[in-house]
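Here are a few notes to go with the model you sent over. Have it open on your screen while you read them.

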Amino acid sequence: MALAHVERLDHLGLIASLIKDVGLIDMIDTRLVPDDQEEITPGEAMAGMILNGLGFANRPLSLTSQFFANKPLDLLCREGVRAESFNRFKLGRTLDEVVNGWRTPAKYTGYAMPQPARVRADAQVIWDETR
């Protein structure tokens with residue numbers, strides 16, 4: 001008898017889809033250049049931290065790899081990403097790069113400016129339907 005392998009997606013699929021649709025990973029990777037020796041890019045690391053924070057885990061970032069142990073990372077991130085890739089060293093280096101590389105508020109405008117026009121129409125429809 002074969003053993004079943006269960007992976008829980010829960011609400012994380014919606015969040016991962018939004019991260020991909022907005023292009024957050026690519027935006028971060030253009031500012032923080034990925035290292036060829038790393039398994040995941042800084043954008044993927046940040047996306048993992050967002051998913052961990054919104055996963056109702058109540059765990060520190062150092063345990064992010066444990067959080068992803070039973071999640072379908074092929075669907076949430078990309079093919080070939082392993083839970084062990086989200087270790088405290090990679091996440092810490094990524095956060096250090098963000099702190100050291102983004103000192104001025106002007107660098108944040110690239111994230112806020114291009115997307116509202118795209119999301120605004122959908123937000124208006126939702127607001128109208130909930131009145």
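1. Start with α1, bearing in mind that this is a predicted model. Its buried residues are Leu12, Ile15, Ala16 and Ile19. These four span an arc of only 100 degrees around the axis, so they sit on the same side of α1. The spacing fits the usual rule: an α-helix has 3.6 residues a turn, so residues three or four places apart point the same way.

2. Now flip to the other side of α1, where Leu14 and Leu18 are exposed. Just past the end of α1, Gly23 has a positive phi of about 80 degrees.

3. What covers the buried residues of α1? The cover includes α2, α3, α4 (64-67) and α5.

4. Take α3 from that set. α1 and α3 pack at about 145 degrees with their axes 10 Å apart, and the crossing is right-handed. On the α1 side the contact uses Leu12, Ile15, Ala16 and Ile19, and on the α3 side Ala47, Ile50 and Leu51. By type, the contact residues are seven nonpolar, no polar and no charged.

5. Leu51 deserves a click of its own. Leaving out residues up to four places away in sequence, Leu51 touches Leu12, Ile15, Ala16, Phe67, Phe68 and Leu76.

6. Finally, zoom out to the largest nonpolar core, which has 23 residues. Leu51, Phe68, Leu73, Leu76 and Phe86 touch the most other members. At least two core residues come from each of α1 (12-22), α2 (24-31), α3 (42-53), α5 (73-76) and α6 (88-101), with α3 giving the largest share, five residues.

Methods
Residues numbered from 1 in each chain as written. Predicted model: local features only at pLDDT ≥ 70, side-chain atom pairs only at ≥ 80, totals over all residues. Heavy atoms only, no water. Core = buried A, V, L, I, M, F, W, Y, C linked by side-chain atoms within 4.5 Å. Buried < 20%, exposed > 50% of the residue type's maximum accessible area, 1.4 Å probe, protein only. Contact = heavy atoms within 4.5 Å. Axes fitted to C-alpha atoms, helices over the stretch in contact; angles between N-to-C directions. Left-handed = near helix turned anticlockwise from the far one by under 90°. Nonpolar A, V, L, I, M, F, W, Y, C, P; charged D, E, K, R; others polar. Arc of directions from axis to C-beta.
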